[in-house]
Amino acid sequence: MAMRRAASVIGARALSSTRVSCPSLLSRDLHASPGSKKIVGVFYKANEYAAMNPNFLGCAENALGIREWLESQGHQYIVTDDKDGPDCELDKHIPDLHVLISTPFHPAYVTAERIKRAKNLQLLLTAGIGSDHVDLKAAAEAGLTVAEVTGSNTVSVAEDELMRILILVRNFVPGHHQVINGEWNVAAIAHRAYDLEGKTVGTVGAGRIGRLLLQRLKPFNCNLLYHDRLKMDPELEKEIGAKFEEDVDKMLPKCDIVVINMPLTEKTKGMFNKERIAKLKKGVLIVNNARGAIMDTQAIVDACSSGHIAGYSGDVWNPQPAPKDHPWRYMPNHAMTPHTSGTTIDAQLRYAAGTKDMLERYFKGEEFPAQNYIVKEGQLASQYR
């Protein structure tokens with residue numbers, strides 16, 4: 001079915017008015033043509049945990065809970081966790097798949113090379129938020145649609161960020177390790193444990209997650225700052241009690257705690273390098289649940305080792321899954337975890353439902369919710385420009 005034409009500005013997340021010039025836009029329908037489709041899902045494997053919760057939909061075994069529905073419609077649904085390397089299971093299906101579903105928690109890296117090989121590919125769906133695992137420029141040039149379930153795990157991530165702030169401020173991790181190791185040394189914890197009240201917290205990015213975090217921080221009586229490409233509505237800004245900082249490099253030295261809440265783009269990749277980190281307060285705490293590649297990996301290790309960064313916490317790595325020798329696993333003063341903040345059971349239910357909704361619309365040739373589009377008709381969503 002031919003896709004309905006969309007306006008060049010869509011909702012709050014406007015798509016670029018400048019199209020990527022590419023003749024192939026005419027060769028791929030952005031929505032489904034009639035007939036059976038081959039859909040491939042890439043999710044993390046849960047093994048013995050898959051059966052422990054009937055709502056654990058985000059794993060490979062339960063596959064968003066849509067297998068029976070898809071197969072009853074006559075579609076083929078292939079699910080795997082094997083996504084990397086030339087002989088991986090995913091690569092076997094690249095040449096003839098129509099739809100690829102992935103998640104930020106176990107991302108299928110959709111490179112320009114894979115896109116070139118995927119002659120039947122029409123739609124790339126992210127079950128969750130954040131589609132930087134896709135080469136978005138290549139997807140736009142190939143005339144593909146890229147979409148995600150916007151808003152599905154914003155609460156989950158914001159709550160996790162607040163938890164991580166408190167874990168760092170109160171120096172929780174060393175105390176937990178003491179208990180496990182049979183130790184008891186209050187001084188080793190207390191000498192660098194603080195109250196959150198009165199501290200200056202700055203978020204780099206104040207979209208859906210950033211705003212939710214600021215709202216949750218308000219009762220702690222912090223000094224709240226935010227940097228974003230868009231200023232908040234004045235009434236919301238007043239309600240939250242946050243101050244807009246137009247220049248991120250002027251905001252960062254003011255902060256006791258820095259939280260990263262922006263997408264990974266060509267501009268933000270490696271943004272926190274040695275030079276920018278040097279401008280931060282000595283003893284700063286950093287929480288990053290956005291994307292690992294926003295950080296210069298070695299610069300973070302060096303700053304944690306020197307004490308310039310007193311604590312670093314997050315659940316995002318570069319690459320993912322993080323290899324066993326990733327230096328962030330072994331650097332001092334960290335509270336890292338695997339990428340889990342946005343894949344709570346509540347979030348899984350939301351992004352599974354959102355993915356099914358978009359597939360239904362795809363089969364019918366209908367528009368997706370406007371805010372879900374990341375690439376549409378050769379245009380990139382504004383946050384990825």
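Is Glu245 buried or exposed, and at what relative accessibility? Let's begin there; keep in mind that this is a predicted model.

**Exercise 1. Work out how Glu245 and its salt-bridge partner sit.**

Step 1: Start with the number for Glu245, which is 7% relative accessibility. Buried means under 20%, so Glu245 counts as buried.

Step 2: Find the partner. Lys254 makes a salt bridge with Glu245, and their closest N and O atoms are 3.0 Å apart.

Step 3: Check Lys254 too. Its relative accessibility is 36%, so Lys254 counts as partly exposed.

Step 4: Try another pair. Lys231 and Glu237 join their side chains in a salt bridge at 3.0 Å, N to O. Glu237 comes out at 14% relative accessibility and therefore counts as buried.

**Exercise 2. Describe the surroundings of Arg291 and find its salt-bridge partner.**

Step 1: Place the residue. Arg291 lies in the loop that runs between β10 (284-288) and α12 (297-306).

Step 2: Decide whether it's buried. With 13% relative accessibility, Arg291 counts as buried.

Step 3: List what it touches. Leaving out residues up to four places away in sequence, Arg291 is in contact with Pro104, Ile129, Gly130, Asp132, Leu264, Val316 and His339. Take Pro104: it is 187 residues away along the chain, yet the two C-alpha atoms are separated by 9.5 Å.

Step 4: Look for the charged partner. Arg291 forms a salt bridge with Asp132, with 2.7 Å between the closest N and O atoms. This pair ties together distant parts of the chain, 159 residues apart, since Asp132 is in the loop between β4 and α4 (136-141). Asp132 has 24% relative accessibility, so it counts as partly exposed.

Step 5: Add the backbone. The Arg291 side chain also reaches the backbone oxygen of Ile129, at 3.2 Å.

Step 6: Zoom out. The structure holds 16 salt bridges, and one network of them links Asp91, Glu113, Arg114 and Arg117.

**Exercise 3. Find what the side chain of Arg276 holds on to.**

Step 1: Locate it. Arg276 belongs to helix α11 (residues 274-278), and its relative accessible area of 18% makes it buried.

Step 2: Pick out the polar partners. The side chains of Arg276 and Asp249 are joined by a polar contact of 2.9 Å. A polar atom of the Arg276 side chain also lies 2.9 Å from the backbone oxygen of Met271.

Step 3: Complete the neighbourhood. Not counting residues up to four places away in sequence, Arg276 touches Val248, Asp249, Leu252 and Met271.

**Exercise 4. Compare the span of helix α13 with what's expected, then say which of its residues are buried and what covers them.**

Step 1: Check the length. Helix α13 covers residues 345-364, 20 residues in all, and reaches 29 Å from first C-alpha to last, close to the expected 28 Å.

Step 2: Name the buried residues. They are Ala347, Gln348, Tyr351, Ala352, Gly354, Thr355, Met358, Leu359, Tyr362 and Phe363.

Step 3: See what lies over them. The cover includes β1 (38-42), α1 (67-72), β3 (99-102), β4 (123-126), β5 (145-148) and α5 (154-169).

Step 4: Follow the chain past the end. Just after α13, Gly365 has a positive phi of about 75°.

**Exercise 5. Describe the chain over the domain that UniProt places here.**

Step 1: Get the boundaries. An unreviewed UniProt entry puts "domain: D-isomer specific 2-hydroxyacid dehydrogenase NAD-binding" at residues 163-341.

Step 2: Read off the make-up. Residues 163-341 are 32% helix and 17% strand, and the end C-alpha atoms are 10 Å apart.

Notes:
Residues numbered from 1 in each chain as written. Predicted model: local features only at pLDDT ≥ 70, side-chain atom pairs only at ≥ 80, totals over all residues. Heavy atoms only, no water. Helix = DSSP H or I, 4+ residues; strand = E, 2+ residues; numbered from the N terminus. Expected span 1.5 Å × (residues − 1). Buried < 20%, exposed > 50% of the residue type's maximum accessible area, 1.4 Å probe, protein only. Contact = heavy atoms within 4.5 Å. Polar contact = N/O pair within 3.5 Å; in protein donor to acceptor, adjacent residues only side chain to side chain. Salt bridge = Lys/Arg side-chain N within 4 Å of Asp/Glu carboxyl O. UniProt positions renumbered as here; feature names shortened; annotations may be inferred.
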